[in-house]
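Trainee: Got a minute? I'd like to go through this one with you.
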Amino acid sequence: MSRAEKAKAILEILQQKIPAPATELKFSTPWQLLVATILSAQSTDKQVNKVTEKLFAAYPGPHEILTLTEEELAAKIKTLGLYRSKSKYILATAQEIVTKHNGKVPQSFSELVKLPGVGRKTANVVLANAFDIPALAVDTHVFRVARRTGLASGKSVLETEKELHEIIPRQLWKDAHHLLILHGRYTCKARNPQCLQCPISSFCDKVM
DNA sequence: AACTCGGGGCA
DNA sequence: TGCCCAGAGTT
């Protein structure tokens with residue numbers, strides 16, 4: 001079985017096994033996904049969902065969020081860590097999107113990473129999930145899953161990113177990041193991995 | 001490369 | 001009670 005076939009098989013299984021609504025970041029627009037992703041730094045998806053549900057109901061887009069001061073927004077996201085910097089980033093990014101991008105979230109990596117608080121990971125998540133553009137942010141979870149399953153063998157995150165780009169089928173790009181990261185977070189954990197309940201253990205070189 | 005922001009989840 | 005967490009900016 002080629003690596004590409006393996007990737008396809010693994011992702012299709014994860015698609016069926018991972019209950020999206022409970023754990024996935026919720027969003028209905030590129031802007032909301034961008035904000036949710038900024039908020040997710042050093043926080044869990046559940047915490048983020050709790051905050052964004054209220055926030056987006058009252059302030060759905062960049063124009064609305066700009067009616068808030070930095071302190072007011074910070075108060076609304078105070079249950080998340082790093083809330084002061086996040087508030088600052090979100091308002092600054094909203095301002096730039098309104099003034100420089102005609103109110104729309106830019107659709108290229110180079111433009112996205114120029115936004116305040118948007119780095120490599122956030123940019124890739126937005127490209128893949130909001131715009132269905134092949135992009136994958138390899139973080140520690142994705143890296144670990146890729147190594148254990150043998151989908152990638154590169155030593156660095158960037159090498160792994162390149163390898164995954166080559167083998168993940170086009171139609172699965174949109175879900176690849178969520179699936180791999182959630183699998184890594186809840187099942188293929190760094191410590192105490194749940195191999196007995198792992199739906200893809202038959203593809204794994206390192207069942208424990 | 002190291003440091004900082006940071007409340008909540010979980011053992 | 002201590003460790004960890006969907007990161008990014010600054011020095």
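Mentor: Sure, one term up front: a polar contact is a pair of N or O atoms within 3.5 Å; within protein, one must be able to donate a hydrogen and the other to accept it, and residues adjacent in sequence count only if both atoms are side-chain atoms. Also, this is a predicted model, where local features need pLDDT of at least 70, side-chain atom pairs count only at pLDDT 80 or more, and totals for chains, interfaces and linings use all residues. Residues are numbered from 1 along each chain as its sequence is written, chains are lettered from A and ligands numbered from 1 in the order in which they are written, and side-chain values use heavy atoms, with hydrogens and water left out.

Trainee: OK, what does glutamine 47 do with its side chain at DNA strand B?
Mentor: An N or O atom of that glutamine 47 side chain sits 3.1 Å from a sugar or linking oxygen of DNA strand B.

Trainee: And which backbone atoms come up against phosphate oxygens of DNA strand B?
Mentor: A polar backbone atom of tyrosine 83 is 3.4 Å from one, and for serine 85 the distance is 3.0 Å.

Trainee: Which residues are around DNA strand B?
Mentor: Gln42, Ser43, Gln47, Lys78, Thr79, Leu80, Gly81, Leu82, Tyr83, Arg84 and Ser85, each with a heavy atom within 4 Å of the strand. Of the strand atoms that come within 4 Å of the protein, 59% belong to sugar and phosphate.

Trainee: Switching topic: how big is the second largest pocket?
Mentor: About 190 Å³, a volume being the space filled by probe spheres set on the grid points, which are joined across faces, edges and corners. On a 1 Å grid over the protein atoms alone, a pocket is an open set of points where a 1.4 Å probe fits, with protein on both sides within 12 Å along at least five of seven lines; lining residues have an atom within 4 Å of a point.

Trainee: What lines the second largest pocket?
Mentor: Lys50, Val51, Lys54, Leu55, Ala58, Tyr59, Ala75, Lys76 and Thr79. The largest share, 5 residues, comes from α4.

Trainee: Is α12 mostly covered or open?
Mentor: Covered: 10 of its 14 residues are buried, meaning under 20% relative accessible area, with exposed over 50% and partly exposed in between (1.4 Å probe, protein chains only). Trp173 and Leu180 are among them.

Trainee: What's the phi of asparagine 102?
Mentor: Positive, about 60°, although asparagine 102 is not a glycine. At 69% relative accessibility, asparagine 102 counts as exposed.

Methods
Helices (H or I, at least four residues) and strands (E, at least two) are DSSP runs, numbered from the N terminus.
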